[in-house]
Amino acid sequence: MSWIPATDTDRQEMLDTIGISSIDDLFSSIPDDLRLKSWDIPEGISEMSTLATIKRMANKNTVDTVNFMGGGYYDHYIPAAVDALSSRSEFYTAYTPYQPECAQGTLQSIYEYQSAICRLTDMEFANASLYEGGTAVFEAATMSMRINRKRNKIVCHPSMNPNYRAILESHTANLDVEIVDGDDPTDAACVIVQNPAFDGTIQDFSALGNACHEAGALFVVSFYPISLGLLKTPGEMGADIAIAEGQSIGIPLSFGGPYLGILATLKKHVRKMPGRICGETVDSEGKRGFVLTLQAREQHIRREKAMSNICSNQALCALRALIYLSLMGKQGLVDIAIHCHSKAEYLKSKLGFATILNEGATFNEFSVRLPKDAREIVKALNAEGFNAGIPLIDIGRGEANDLLIAVTEKRTREELDAFAAMLEKISCS
Amino acid sequence: MQLIYEKSREGRRGITLDALDVPQVNLPDNLQRAHDARLPEVSEFDAVRHFTELSTRNFGLDSHFYPLGSCTMKYNPKIAEVVAALPGLAANHPHTSTSEATWDQCQGSFELI
């Protein structure tokens with residue numbers, strides 16, 4: 001595309017219309033010494049060359065390996081209809097829905113997304129979405145402190161993704177917040193757990209939820225959307241706030257974004273919830289319509305009293321999640337969860353030469369201790385066409401021989417057999 | 001216009017999976033949810049009609065003049081959508097950047113950034 005399509009004639013007509021003689025006249029109110037003397041911008045390149053340049057970079061990435069990498073982001077199948085529908089420009093070139101009469105498509109899709117998240121989590125209210133999973137953790141922590149106004153202690157359970165914990169620390173660096181590790185809810189604004197845990201272990205956290213409530217702390221559960229096809233829900237465990245990274249439901253990996261932050265809560269906490277909410281109403285003719293609601297919580301209305309800095313949402317990613325959940329439907333999500341879990345268990349059964357580190361059950365991800373250095377094994381397996389997983393030591397967990405392996409519905413039995421055989425061959429040679 | 005949930009018909013499906021090619025393994029009851037999530041039960045065609053109709057209820061920059069929004073309503077060239085969807089970029093896992101062992105897999109993303 002040409003960024004500056006106007007011709008000299010177009011420009012002259014515009015100048016004539018507003019009654020000035022040159023474009024420079026538009027900037028005459030800026031003193032000379034404050035104006036740029038030159039622009040250090042290289043010559044532009046054509047669209048054709050741009051495509052060739054970026055294709056060359058894209059081809060330098062390795063993405064055709066058989067993928068066992070997870071750690072919060074997963075290689076799930078995305079139905080073609082998700083791309084086809086979310087690529088309609090009426091969705092992806094729409095402005096933020098401040099004018100409901102021009103934005104019923106976006107608003108109804110957000111309303112349906114919120115409903116889908118509530119149904120998935122057994123929570124009562126979901127917001128219109130946040131930026132990604134790490135932001136959602138931070139927002140859940142600060143929401144807890146708004147509800148528990150005299151407390152500033154955030155307890156991070158060891159099940160939490162270390163990346164989320166790091167994001168929480170950096171976001172709260174200049175706030176009066178104390179972050180502690182463990183599961184003691186005494187004097188805490190909230191306790192944050194993750195299920196499945198970062199290492200893949202799944203638990204029923206209901207007892208910790210009860211302990212939180214007895215101690216006056218909020219109970220925050222970070223979940224993995226696909227796993228809720230099978231797993232006990234945040235709502236069933238007594239969560240006050242449920243949060244998630246939504247990448248797994250219809251959003252490509254894309255090296256880290258754009259992603260989707262999911263946040264849901266209970267009715268009693270809704271006015272302390274960050275972000276926007278879409279609600280159903282009726283228009284002047286009594287017809288159903290959708291609007292942004294409870295906007296006094298938002299920063300564009302009362303900045304100093306806003307619930308958070310979040311004044312937008314990830315509408316297009318939320319739309320993708322909604323389309324994905326609609327296509328999968330009630331039974332499809334259960335089926336995917338069964339496939340993920342059963343295939344991971346099958347792979348585990350083939351890894352007799354290694355030690356599974358998880359003490360309890362796992363969903364589709366688990367940690368193993370291999371006979372050799374995990375980094376070396378990952379490199380060797382990459383040369384054989386496998387992305388073997390994450391060496392845990394590189395994310396600050398475990399020992400040099402520990403590897404985090406994830407299995408999605410995309411993996412076939414043949415791939416699992418070949419991976420297990422190659423992993424054994426390289427580990428034990 | 002109806003909600004997608006109001007178009008739901010029990011048992012209708014948008015996507016099916018291949019038959020499970022490994023033995024099915026069940027989780028202990030205490031770790032499982034009590035009821036399936038009441039997600040929509042629609043065909044792919046139902047979903048396509050629904051979301052296409054929703055899209056017609058939006059003013060987008062491509063389809064309408066829209067004088068609001070100083071920062072977010074600039075036109076983005078279509079090539080941006082094309083390159084973002086290139087499999088080499090769209091399928092690149094973010095944790096390939098986490099370990100030196102997998103930096104070989106994301107040299108293109110590193111260069112682009």
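**Figure 1. A:Asp394 sits in a loop of chain A, between strand 14 (390-391) and strand 15 (402-406).** This, like every view here, comes from a predicted model. Leaving aside residues up to four places away in sequence, A:Asp394 touches A:Arg375 in its own chain, plus B:Thr98, B:Ser99 and B:Glu100 from chain B. With B:Ser99 there's a side-chain to side-chain polar contact of 2.6 Å. For a sense of scale, pick A:Tyr111: the two residues are 283 apart along the chain, and their C-alpha atoms are separated by 40 Å.

**Figure 2. Chain B meets chain A through 87 of its residues, which are in contact with 101 residues of chain A.** How much area is buried between the two chains? About 8,300 Å², with carbon and sulfur atoms giving 63% of it. On the polar side of the ledger, 49 residue pairs are in polar contact across the interface, counting pairs with both residues at pLDDT 80 or more. Four helices of chain B each put at least two residues into the side that touches chain A: helix 1 (44-55), helix 2 (78-84), helix 3 (87-90) and helix 4 (107-112). Helix 1 of chain B gives the most, with 8 residues. Sort the residues on that side of chain B by type and you get 43 nonpolar, 28 polar and 16 charged. Salt bridges between chain B and chain A number 6.

**Figure 3. A:Lys60 and B:Glu111 form a salt bridge between their side chains, at 2.5 Å from N to O.** The pair crosses between chains, with A:Lys60 coming from helix 2 (residues 47-60) of chain A and B:Glu111 from helix 4 of chain B. Are these two buried, exposed or something in between? A:Lys60 has a relative accessible area of 38%, so it counts as partly exposed. B:Glu111, at 34%, is partly exposed as well. As a bit of background, side chains of opposite charge can pair when their charged atoms come close.

**Figure 4. A:Arg165 and A:Glu169 pair up within one helix of chain A, helix 7 (residues 162-171).** They are 4 residues apart, about one turn of the helix. Their side chains meet in a salt bridge at 2.1 Å, N to O. The two ends of the bridge fall into separate accessibility classes: A:Arg165 is buried because its relative accessible area is 18%, under the 20% cut-off, while A:Glu169 is partly exposed at 42%.

**Figure 5. B:Asp46 and B:Arg12 make a salt bridge inside chain B, with their closest N and O atoms 3.0 Å apart.** B:Asp46 belongs to helix 1 of chain B and B:Arg12 to the segment before that helix, so the bridge ties together parts that are 34 residues apart in sequence. B:Asp46 is partly exposed, with 21% relative accessibility. B:Arg12 is also partly exposed, at 38%. Over in chain A, salt bridges with shared partners link A:Asp75, A:Lys410, A:Arg411 and A:Glu415 into one network. Over all chains, the salt-bridge count comes to 23.

**Figure 6. Helix 5 of chain A (residues 104-121) is mostly covered, with 17 of its 18 residues buried.** From first C-alpha to last, the helix reaches 26 Å, close to the 26 Å expected at 1.5 Å a residue. What comes right after helix 5 of chain A? That would be A:Asp122, which has a positive phi, near 60 degrees.

**Figure 7. A:Thr265 lies in strand 8 (residues 261-265) of chain A.** This residue is buried, and its relative accessible area is 0%. Which residue offers a backbone oxygen to the A:Thr265 side chain? A:Asp240 does, at 2.7 Å. Not counting residues up to four places away in sequence, the neighbours that A:Thr265 touches are A:Met123, A:Glu124, A:Phe125, A:Met143, A:Asp240, A:Ile241, A:Val270 and A:Met273.

Key: Residues numbered from 1 in each chain as written. Chains lettered and ligands numbered in written order. Predicted model: local features only at pLDDT ≥ 70, side-chain atom pairs only at ≥ 80, totals over all residues. Heavy atoms only, no water. Contact = heavy atoms within 4.5 Å. Buried area = accessible area lost by both parts, 1.4 Å probe. Salt bridge = Lys/Arg side-chain N within 4 Å of Asp/Glu carboxyl O. Polar contact = N/O pair within 3.5 Å; in protein donor to acceptor, adjacent residues only side chain to side chain. Nonpolar A, V, L, I, M, F, W, Y, C, P; charged D, E, K, R; others polar. Expected span 1.5 Å × (residues − 1). Buried < 20%, exposed > 50% of the residue type's maximum accessible area, 1.4 Å probe, protein only.
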